[in-house]
Amino acid sequence: PATGALRVATGSNDIRVWDTETGDVLLVIKEGASALAFFTDPATGAPRLACASGKVLVFDAVAGGEALVVIDVRAGALEVFTDPATGAPRLVCDCYDEKVGVFDPVAGGEALVVIDVGSVTALATFADPATGALRIACGCSREVRIYDPVAGGWALAVLDCAYTDWVLALTVFKDSATGGLRLASGDRDGFVRIWDLAAGGAAEESDAAEEDEDEEASDEDETRVASPLFVLKGHTNYDVNALTAFADPATGEMRLVSGSKDKTL
């Protein structure tokens, strides 16, 4: 915030904040981290960094130091969104108990919303192209499940990833040719799959989306099952565990970067 310069944070045996121009390490936080998420404190405008490290810890992303907030939940995936009703930041965590929790990362405390999802390995938030309502995509075993992170409840759509054991990474971007909203999933089979978030892919009603026969049929019928638009191949049959998208500054074309356990980008 002092210079406007771009920084990148990485998590491993410790957390490091880097200068993207020089490659210098600017800050080291002595906490291991399996996931990181950035947000701005609405009261001060200061940047904050949430990390999954046994518990969820929130740090000053510039000064470091001791954790400002500790959320007592074991998490492996993190995502941040802004509550549409209040403008307050919210932190989404997979909680290792087959649930996803939504927390206040500034005040801490108990979960504000709990969604019964199953085991989750990746998270991504987006605005529903049809309604503008907030949605969260949860990468699970053999599927991506999409929920309302404000209201919770049933899955609104299910993206069928039956070809792979686990979905390990998610990112959302706009198709530069059509403006359509897309979701990219990085999977354990080494492939990246691209999904249409407007239509839910080849969306169709399916009894396979039922989660519990004892639940109301009207809720089950609202869940859509979808297939990917296309599949990107290139990694050598190893986990794709990181994804991000950006616009090429020279052409404006969208680019997708994938990182794999095969040690390639």
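So, β13 and strand β14, residues 143–147, run antiparallel and are joined by four bridges. When I say strand, I mean a DSSP run of E at least two residues long, numbered from the N terminus, and two strands count as paired if DSSP finds at least two bridges between them. Before I go on, this is a predicted model, so local features need pLDDT of at least 70 and side-chain atom pairs count only at pLDDT 80 or more, while totals for chains, interfaces and linings use all residues. Residues are numbered from 1 along each chain as its sequence is written, and side-chain values use heavy atoms, with hydrogens and water left out.

Back to that pair of strands. Which residue of β14 is the bridge partner of cysteine 138? That's arginine 145. The hairpin of β13 and β14 has three residues between the strands, and arginine 142 there takes a positive phi. Its phi is near 65°, and arginine 142 is a residue other than glycine. Arginine 142 also counts as partly exposed, at 40% relative accessibility. For the cut-offs: buried is under 20% relative accessible area, exposed is over 50%, and partly exposed is in between, with a 1.4 Å probe and protein chains only.

Now look at the other neighbour of β13. Strand β12, residues 122–127, runs antiparallel to β13, and six bridges join the two. Alanine 122 has glycine 139 in β13 as its bridge partner. This hairpin has six residues between the strands, and in it glycine 132 takes a positive phi near 80°.

And β13 itself, residues 134–139: buried or exposed? Six of its six residues are buried, so the strand is largely enclosed by the rest of the structure. Both faces are covered, with Leu134, Ile136 and Cys138 buried on one side, and Arg135, Ala137 and Gly139 buried on the other.

Let's move to the start of the chain. There, three strands make an open antiparallel sheet, in the order β1-β2-β3. β1 (7–11) and β3 (25–29) stand at the edges with a single partner strand each, so one side of each has no neighbour in the sheet. On average, neighbouring strands here are turned by 20° against each other, direction ignored; those axes are lines fitted to C-alpha atoms, for helices over the stretch in contact, and angles run from 0 to 180 degrees between N-to-C directions. Strand β2, residues 15–19, pairs with β3 over four bridges, in the antiparallel sense. If you want a spot to click on, tryptophan 18 stands opposite valine 25 in β3.

There's a salt bridge here too, between the side chains of arginine 7 and aspartate 19, at 3.5 Å from N to O. By salt bridge I mean a side-chain nitrogen of Lys or Arg within 4 Å of a carboxyl oxygen of Asp or Glu. Arginine 7 is in strand β1 and aspartate 19 in strand β2, so the pair ties together parts that are 12 residues apart in sequence. Arginine 7 is partly exposed at 37% relative accessibility, whereas aspartate 19 is buried at 15%.

How many salt bridges are there by this rule? The count comes to 17. One of them joins aspartate 189 to arginine 193, with the closest N and O atoms 2.9 Å apart, and both of those residues are buried. Asp41, Arg48 and Asp60 are joined into one network by salt bridges that share partners. Another salt bridge runs between arginine 255 and aspartate 248, closest N and O atoms 3.7 Å apart, and arginine 255 is partly exposed at 34% relative accessibility.

On to the cysteines. How many disulfides does a search of the whole structure find? Zero, where a disulfide is a pair of cysteine sulfur atoms within 2.5 Å. Take cysteine 93: the closest cysteine sulfur is in cysteine 95, 5.7 Å away, too far for a bond. Cysteine 93 is buried, with a relative accessible area of 0%, and cysteine 51 is buried at 0% too.

One last stop, at lysine 263, in the segment after β23 (254–260). Lysine 263 is not a glycine, yet it has a positive phi of about 70°. At 81% relative accessibility, lysine 263 counts as exposed.
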